[in-house]
Amino acid sequence: IAASVPDTLATPAAPTPKSTKAAKPAKVALARIPQRVFYGNAMSTMLSSMAAQAETKPFHSNPHHAAHSRFIMGYPLPSWQRKLEWPDELCIRFIESVYAGVYLGLYIYNESMSRAPQLDGLLIDGQQRLSAIERYMAGELAVPGPDGKAHRWPDLTDEEKAHFYRIPFGFQIVQIHDEAELKRLYNLMNFGGIAHRPEQRA
């Protein structure tokens, strides 16, 4: 005797056909908020790589940078960027932060050799911090150690220098081929800041 099979099992429903076309994203009007202008890839390097670049000076070979009189850690500085502002005290405090493992932020430079070689390699953000590192490794800054004494770079042992070289520093590359847009980005990133007053510190 054949077993009785319910109709719902004997005749399965045909699958609903699915479209193979990808749905187009809906266009959203963003007329009332600022447009995004900053695109870039965030990465990290060690201070040893930064020191090596400062010595090899890869951007110096670019004929468009021949007129640049200011370079920091091998990066050319645009003529419209402000001068060095940090006094020795701030530079030393920054180096102490480097050793302490504090987040150092990102330094940012432009990459545009193929379309705008005159803008390639320009350091857009990080001049003060990179200058502090450069000056420290040049022996210009004496940084206090746990022994209560301030030491300059030439006074350090090879092991102590190697420790510094292994510290990572984040950076970001942007690809902007128009100087006006590069200036706009620079101004957006340097809108200002207010330092803590002594009574506001923890």
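How many nonpolar, polar and charged residues does the lining of the largest pocket have, by class? In this predicted model, the lining has 8 nonpolar, 8 polar and 5 charged residues. The pocket itself has a volume of about 620 Å³. It is lined by 21 residues. Those closest to its centre are Arg 82, Trp 86, Gln 128, Asn 190 and Gly 193. Four elements give two or more residues to this lining. They are helix H3 (88–100), strand E5 (123–125), helix H4 (127–137) and helix H6 (179–189). The largest share, 3 residues, comes from H4.

The second largest pocket holds about 270 Å³ of space. Its lining has 6 nonpolar, 3 polar and 3 charged residues. Tyr 99, Tyr 136, Val 143, Pro 144, Pro 146 and Leu 156 are among the lining residues. So are Glu 96, Asp 147 and Glu 160. Gly 145, His 151 and His 163 also line the pocket. At least two residues each come from H3, strand E6 (143–144) and helix H5 (158–165). H3 thus appears in the lining of the largest pocket and in that of the second largest.

The pockets belong to a protein with 6 helices and 8 strands. Along the sequence, these follow the pattern α-β-α-β-β-α-β-β-α-β-β-α-β-α. The protein has 202 residues, of which 33% count as buried.

Four of the strands form an open sheet. Their order is E1-E8-E4-E5, and the pairing is mixed. Strand E1 (40–46) and E5 stand at the edges. Each has a single partner strand, so one side of each is left without a neighbour in the sheet. Neighbouring strands are turned by 35° against each other on average, direction ignored. E5, one of the edge strands, also gives two or more residues to the lining of the largest pocket. At the other edge, E1 pairs with strand E8 (residues 168–174). The pairing is antiparallel and runs over 7 bridges. Within this pairing, Gly 40 has Val 174 in E8 as its bridge partner.

Helix H2 covers residues 47–56. Which of its residues are buried? They are Leu 47, Met 50, Ala 51, Gln 53 and Ala 54. Seen down the axis of H2, these buried residues fall within an arc of 160°, so they line one face of the helix. The spacing fits a general rule. An α-helix has 3.6 residues a turn, so residues three or four places apart point the same way. On the other side of H2, Glu 55 and Thr 56 are exposed.

Why does Glu 55 count as exposed? Its relative accessible area is 68%, and the cut-off for exposed is over 50%. Glu 55 lies in helix H2. In sequence, Glu 55 and Gly 74 are 19 residues apart. In space, they are 7.2 Å apart, C-alpha to C-alpha. Just after H2, the backbone at Lys 57 takes a positive phi of about 50°.

Technical notes
Residues numbered from 1 in each chain as written. Predicted model: local features only at pLDDT ≥ 70, side-chain atom pairs only at ≥ 80, totals over all residues. Heavy atoms only, no water. 1 Å grid on protein atoms, 1.4 Å probe; cavity = no way out; pocket = protein on both sides within 12 Å on 5 of 7 lines; lining within 4 Å. Points joined across faces, edges and corners; volume = space filled by probe spheres on them. Nonpolar A, V, L, I, M, F, W, Y, C, P; charged D, E, K, R; others polar. Buried < 20%, exposed > 50% of the residue type's maximum accessible area, 1.4 Å probe, protein only. Arc of directions from axis to C-beta. Pairing = 2+ DSSP bridges. Axes fitted to C-alpha atoms, helices over the stretch in contact; angles between N-to-C directions.
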